[in-house]
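Please look over the sequence and the model before reading on, and keep both in view as the explanation moves from one part of the chain to another.

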Amino acid sequence: MNNYLFVYGTLMKKYTGYAPINLEDFGKYICEGFINGRMYEIDNYPGVIRSQNPQDKIYGELFLLSDFEASIQKLDVYEDYFPENLGESLYLRKIEDIYLSDGEIKPAWIYLFNKEVNVEKRILSGNYLDFSC
């Protein structure tokens, strides 16, 4: 089982705003990394969709969850992910390759936005900390 989780918004340990979940309660911070994608401001939180363009990078943090099943159930609720009703899910949980700061590639779970985005609200830097702090 893959116990890695990549986060890019309000769940990052470096995020200074209100965060109802502290991922360090669920596991261990590993390092920073990125995926190819595009980030959008949704409603005081980010949403990411995948991109094949290598210039489109989303920066975030990789965590290793200690109790995957218990952790992921709480995270699924937080992210409005409903495995039994994907059409109603705000985010979809998928495994994607994460490019780590040391050059390694690690597959990890990530929540990708599952609704329409407003292209005018794109966060071009791909780093929610730059946008929100």
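Two residues are said to be in contact when heavy atoms of theirs lie within 4.5 Å. The model shown here is a predicted one, and the walk through it can begin with a single residue, Glu-96, which is found in strand S5. Leaving aside its neighbours within four places in sequence, Glu-96 is in contact with Arg-50, Lys-106, Pro-107, Ala-108, Ile-110 and Leu-112. With one of these residues, Arg-50, the side chain of Glu-96 makes a polar contact through its own side chain, at 3.0 Å. Is Glu-96 buried or exposed? Its relative accessibility is 16%, and because buried means under 20% relative accessible area, Glu-96 counts as buried.

From this strand we can turn to the way the strands are arranged beside one another. Strand S2, which covers residues 27-41, pairs with S4 in the antiparallel sense, and nine bridges are found between these two strands. S2 is also joined to S5 by two bridges, and here again the strands run antiparallel. Gly-33 is a useful residue to look for at this point, since it stands opposite Gly-60 in S4 and also stands opposite Leu-100 in S5. With S3, strand S2 pairs in the antiparallel sense over five bridges, and Tyr-40 stands opposite Gly-47 in S3. S2 and S3 form a hairpin that has four residues between the two strands, and in its turn Asn-44 has a positive phi of about 65°.

The next topic is the nonpolar core. Which residues touch the most other members of the largest nonpolar core? This core has 36 residues, and those that touch the most other members are Leu-5, Phe-6, Tyr-8, Leu-23, Ile-35 and Leu-75. The elements that give two or more residues to the core are S1, S2, S4, helix H1 (68-78), strand S5 (91-100), S6 and H2. The largest share, six residues, comes from S6.

Two of the core residues can be followed in detail. Phe-6 lies in strand S1, and at 1% relative accessibility it counts as buried, because that value is under 20%. Not counting residues up to four places away in sequence, Phe-6 touches Gly-33, Phe-34, Ile-35, Ile-58, Tyr-59, Gly-60, Glu-61, Leu-62, Ile-98, Ala-108, Trp-109 and Ile-110. The C-alpha atoms of Phe-6 and Asp-25 are separated by 15 Å, and these residues are 19 residues apart along the chain. The other residue to follow is Leu-75, which, leaving aside its neighbours within four places in sequence, is in contact with Leu-5, Leu-11, Ile-21, Leu-23, Leu-65 and Tyr-111.

Charged side chains add another set of links. How many salt bridges does the structure hold? There are seven salt bridges in the structure. In one of them, Asp-56 is joined to Arg-122, with the closest N and O atoms 2.9 Å apart. This pair links distant parts of the chain, for Asp-56 is in the loop between strand S3 (46-50) and strand S4 (57-65), whereas Arg-122 is in the loop between strand S6 (105-113) and helix H2 (128-132), 66 residues apart. Asp-56, at 6% relative accessibility, counts as buried, whereas Arg-122 is partly exposed, with a relative accessible area of 26%.

A second salt bridge is found between Glu-24 and Lys-13, where the closest N and O atoms are 3.8 Å apart. Glu-24 and Lys-13 are both in the loop between S1 and S2, and they are 11 residues apart. Glu-24 counts as partly exposed at 40% relative accessibility, and Lys-13 is also partly exposed, its relative accessible area being 42%.

In a third salt bridge, the side chains of Lys-106 and Glu-104 meet at 3.4 Å, taken from N to O. Lys-106, which is among the residues in contact with Glu-96, is buried, with a relative accessible area of 19%, whereas Glu-104 counts as partly exposed at 37% relative accessibility. Some salt bridges also share partners, and in this way Arg-38, Asp-56 and Arg-122 are joined into one network.

Key. Residues are numbered from 1 along each chain as its sequence is written. This is a predicted model: local features need pLDDT of at least 70, side-chain atom pairs count only at pLDDT 80 or more; totals for chains, interfaces and linings use all residues. Side-chain values use heavy atoms; hydrogens and water are left out. A salt bridge is a side-chain nitrogen of Lys or Arg within 4 Å of a carboxyl oxygen of Asp or Glu. Buried means under 20% relative accessible area, exposed over 50%, partly exposed in between (1.4 Å probe, protein chains only). A nonpolar core is a set of buried Ala, Val, Leu, Ile, Met, Phe, Trp, Tyr and Cys residues joined through side-chain atoms within 4.5 Å. A polar contact is a pair of N or O atoms within 3.5 Å; within protein, one must be able to donate a hydrogen and the other to accept it, and residues adjacent in sequence count only if both atoms are side-chain atoms. Two strands pair if DSSP finds at least two bridges between them.
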